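Grab a coffee and work through these exercises with the model open beside you. Try each task yourself before you read the solution.

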Amino acid sequence: MTLDTLIVSCAVCWDWRRLVPLANIYLPRRRFFDLYWHIINNPKPDKKAQAYYRKKLNHRFNRVAYMNRILRQYPFIPEEFGIWVLEWPARLVVNGIWPGLPFTRCYLDTTATGGSSRKYGFNFIARKSPEVANVQLDPEHPPDNWTPSLHIWDTTWVRLQVPWRLHPVRYRGLDDDVTLWNCDTWLVIDQESCYFGKVMQLCDDGSPCLDEDDVVDTLPDWIDYLKLQWDGTAPCQKESRGTIIPCFTLDLPLITVPGGDGVGMVVERLGWNCYPF
């Protein structure tokens with residue numbers, strides 16, 4: 001029984017809703033089912049974000065094709081991530097994380113968000129052609145020891161000045177440190193790695209090569225990561241005073257263009273900035 005079937009079954013009647021949790025359900029799907037009810041029972045609404053999802057959600061998003069584009073680059077995908085892409089209800093977006101949304105850089109007036117609110121930064125998971133990159137996860141490993149991973153998100157607060165505002169966008173949040181939520185997020189898909197299936201949160205300068213000053217948080221799998229994002233947990237086990245609902249939102253569409261040395265460049269379509277990845 002697929003995840004969406006489990007969820008729909010609970011809406012049939014009270015008897016079905018009572019029996020479904022007692023059924024012999026494949027463990028990852030049961031955990032997703034539990035996550036679904038955790039979200040339903042702990043609502044964190046954001047009207048602006050939900051209006052954005054209604055307008056921008058691609059209902060023709062081809063889930064199978066998205067998975068195949070990853071598999072053509074590397075033959076393994078963590079099971080939890082695969083079930084999420086293929087079976088999770090698209091309308092239930094967790095903290096802006098869904099591959100069927102536009103590929104953008106989202107500017108907010110805070111990086112501390114959770115629930116249904118959007119997430120600050122680059123949503124690399126929404127690339128039309130997701131790219132598997134090599135990441136060095138251990139600074140003690142030699143430079144040629146790289147791990148195939150899928151880039152999920154990059155949050156790095158910048159002081160934004162937009163033409164129609166007299167002053168730069170001011171940071172709003174409960175934490176004094178505006179960099180506390182800065183984080184580069186990767187899903188490890190290297191089946192031979194001890195990190196396979198884990199979500200790595202790199203609180204560093206965004207470089208795929210770590211050094212001894214970087215902070216790395218390892219989350220057990222994709223389901224745990226989504227739950228923490230819904231609950232609004234700060235990355236890398238940092239202490240935070242909590243999340244807020246953003247007031248300011250600006251989206252800049254992103255495209256990937258070939259770089260001069262063959263490295264793909266992520267470009268803001270309006271031409272403001274260019275970022276190598």
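**Exercise 1. Two rings in one helix**

In which helix do Trp222 and Tyr225 both lie, and how many residues apart are they?

*Solution.* Before we start, some ground rules: this is a predicted model, where local features need pLDDT of at least 70 and side-chain atom pairs count only at pLDDT 80 or more, while totals for chains, interfaces and linings use all residues. Residues are numbered from 1 along each chain as its sequence is written, and side-chain values use heavy atoms, with hydrogens and water left out.

Step 1: find the helix. Trp222 and Tyr225 both sit in helix α7, three residues apart, which is about one turn of the helix. Helices here are DSSP runs of H or I with at least four residues, strands are runs of E with at least two, and both are numbered from the N terminus.

Step 2: check burial. Trp222 and Tyr225 are both buried. Buried means under 20% relative accessible area, exposed means over 50%, and partly exposed is in between (1.4 Å probe, protein chains only).

**Exercise 2. Follow the aromatics**

Work out which ring of helix α6 pairs with Trp222, and what the geometry is.

*Solution.* Step 1: set the rule. Rings of Phe, Tyr and Trp (its six-membered ring) pair if their centres lie within 6.5 Å; planes under 30 degrees apart are stacked, over 60 edge-to-face, and the rest tilted. By this rule there are 17 aromatic pairs.

Step 2: look at one of them. Phe81 and Trp222 are edge-to-face, with 5.1 Å centre to centre and 85° between the planes. Phe81 is in helix α6 and Trp222 in helix α7, so this pair ties together parts that are 141 residues apart in sequence. Phe81 and Trp222 are both buried.

Step 3: go on to the neighbour in α7. The ring centres of Trp222 and Tyr225 are 5.1 Å apart and the planes are at 40°, so that pair is tilted.

Step 4: collect the group. Phe61, Tyr66, Phe81, Trp84, Trp98, Trp222 and Tyr225 make up one aromatic cluster.

**Exercise 3. Who surrounds helix α3?**

List the helices that the buried residues of α3 pack against, then see what Lys227 touches.

*Solution.* Step 1: size up the helix. α3 covers residues 27-41, and its 15 residues reach 21 Å from first C-alpha to last, close to the 21 Å expected at 1.5 Å a residue. The expected span is 1.5 Å times one less than the number of residues.

Step 2: pick the buried residues. Among them are Phe32, Phe33, Tyr36 and Trp37.

Step 3: find the partners. The buried residues of α3 pack against α1 (3-9), α2 (14-19), α6 (79-87) and α7 (222-231), with contact meaning heavy atoms within 4.5 Å.

Step 4: zoom in on Lys227. This residue is in helix α7 and touches Leu35 and His38, leaving aside residues up to four places away in sequence. Both Leu35 and His38 are among the buried residues of α3. Lys227 has a relative accessible area of 35%, so it is partly exposed.

**Exercise 4. Sort the cysteines**

How many disulfides does a search of the whole structure find?

*Solution.* Step 1: recall the chemistry. A disulfide is a covalent bond between the sulfur atoms of two cysteines. The cut-off here is a pair of cysteine sulfur atoms within 2.5 Å.

Step 2: count. The search finds one disulfide. The partners are Cys203 and Cys236, with sulfur atoms 2.1 Å apart. Cys203 is in strand β6 (residues 199-203) and Cys236 in the loop between α7 and β8 (249-258), so the bond links distant parts of the chain, 33 residues apart.

Step 3: get the handedness. The torsion about the S-S bond is about 105°, so the disulfide is right-handed.

Step 4: check the rest. The sulfur of Cys183 is too far for a bond, because the closest cysteine sulfur, in Cys203, is 4.5 Å away. Cys183 counts as buried at 7% relative accessibility, whereas Cys194 counts as exposed at 64%.

Step 5: look at the backbone of Cys236. Its phi is positive, about 55°, although it is not a glycine. Cys236 is buried, with a relative accessible area of 9%.
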